[in-house]
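Trainee: I have a structure open and would like to practise reading it with you. Could we go through it question by question?
Mentor: Happy to, so let's put it on the screen.

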Amino acid sequence: MTTPKGPQLAVLPTANEDDAASVAQVLQPSGWPVPKGYANGMAAEGRIVVTGGVIGWDAQERLADGFVGQVRQTLSNIAAILAEAGARPEHLVRLTWYVVDMDEYLANLKELGQVYRAIFGAHYPAMALVQVVRLVEKAARVEIEATAVIPR
């Protein structure tokens, strides 16, 4: 008999086990440090909801002022898209952030955390953050793609 090599995997529920509306599980290899503000991985079963790249503009295509304002509007826009499918923020399993200035992101972490929690609560899916040269909308500072899974 051989022993498995590599880290052991812990599968943690994201909400109360009795909550049938929440089946997403955080994947946290044992011995790894617990990430702050994101998950290393997620597992879920159900109906998949994906967004395109969402930016921080309103229904009249006016971009919010400043980086934090654009993030607030972007997250609100994602929440509205999820709602159209009957999904909620706790159904999110992945977010991919594209920013035009990593230093701008890092300089606003405290405010971004407050904005994020105000819109999505304390649910932190797997996330990636990528700096890009620019976005399609030249004045946009951030674009986010989202993936959610609605439990069956």
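Trainee: By class, how many nonpolar, polar and charged residues does the lining of the largest pocket have?
Mentor: Keep in mind that this is a predicted model. The largest pocket has a volume of about 320 Å³, and 14 residues line it. By class, the lining has 10 nonpolar, 2 polar and 2 charged residues.

Trainee: Which element gives the most to the lining of the largest pocket?
Mentor: K36, G37, Y105, L109 and M127 are the lining residues nearest the pocket centre. Two elements, α3 and β7, give two or more residues to the lining. The top contributor, with 5 residues, is α3.

Trainee: Thanks! Turning to the interior, which residues of the largest nonpolar core touch the most other members?
Mentor: In soluble globular proteins, nonpolar side chains tend to be buried together. Here the largest nonpolar core has 24 residues. The members touching the most others are L75, L95 and W97.

Trainee: Where does the largest share of this core come from?
Mentor: This core draws at least two residues from each of α1 (66-84), β6 (92-99), α3 (109-120) and β8 (142-150). The largest share is 6 residues, and it comes from α1.

Trainee: Which residues is L95 in contact with, leaving aside its neighbours within four places in sequence?
Mentor: L95 is one of the residues that touch the most other members of the largest core. Leaving aside neighbours within four places in sequence, its contacts are Y116, F120, P125, A126, M127, A128, I144, E145 and A146.

Trainee: How many residues are in the other core that lies apart from it?
Mentor: Its members include M42, V93, A126 and V149. This core lies apart from the largest one, and its residue count is 7.

Trainee: Is T96 buried or exposed?
Mentor: T96 has its place in strand β6. Leaving aside neighbours within four places in sequence, T96 is in contact with A128, E143, I144 and E145. Its relative accessibility is 10%, and the cut-off for buried is under 20%, so T96 counts as buried.

Trainee: And P33, is that buried or exposed?
Mentor: P33 is in the loop between β2 (25-29) and β3 (41-43). Leaving aside neighbours within four places in sequence, P33 is in contact with Q28 and N40. Its relative accessible area is 69%, and exposed means over 50%, so P33 is exposed.

Trainee: On to charges: how many salt bridges does the count come to?
Mentor: Side chains of opposite charge can pair when their charged atoms come close. R62 and D58 meet in a salt bridge at 2.8 Å, N to O, and R88 and E90 meet in one at 2.4 Å. R141 also forms a salt bridge, with E104. The count comes to 3.

Trainee: How many residues apart are R141 and E104?
Mentor: The closest N and O atoms of R141 and E104 are 2.8 Å apart. R141 sits in the loop between β7 (126-131) and β8, while E104 is in helix α2 (residues 102-107). The pair links distant parts of the chain, and the separation is 37 residues.

Trainee: Last one: does R62 count as buried or exposed?
Mentor: Its salt-bridge partner D58 is partly exposed, with a relative accessible area of 22%. R62 itself has 51% relative accessibility, and the cut-off for exposed is over 50%, so R62 counts as exposed.

Definitions and conventions:
Residues are numbered from 1 along each chain as its sequence is written. This is a predicted model: local features need pLDDT of at least 70, side-chain atom pairs count only at pLDDT 80 or more; totals for chains, interfaces and linings use all residues. Side-chain values use heavy atoms; hydrogens and water are left out. A nonpolar core is a set of buried Ala, Val, Leu, Ile, Met, Phe, Trp, Tyr and Cys residues joined through side-chain atoms within 4.5 Å. Buried means under 20% relative accessible area, exposed over 50%, partly exposed in between (1.4 Å probe, protein chains only). Helices (H or I, at least four residues) and strands (E, at least two) are DSSP runs, numbered from the N terminus. Contact means heavy atoms within 4.5 Å. A salt bridge is a side-chain nitrogen of Lys or Arg within 4 Å of a carboxyl oxygen of Asp or Glu. On a 1 Å grid over the protein atoms alone, a cavity is a set of points where a 1.4 Å probe fits but cannot get out, and a pocket is an open set with protein on both sides within 12 Å along at least five of seven lines; lining residues have an atom within 4 Å of a point. Grid points are joined across faces, edges and corners, and a volume is the space filled by probe spheres set on the points. Ala, Val, Leu, Ile, Met, Phe, Trp, Tyr, Cys and Pro count as nonpolar, Asp, Glu, Lys and Arg as charged, and the others, Gly among them, as polar.
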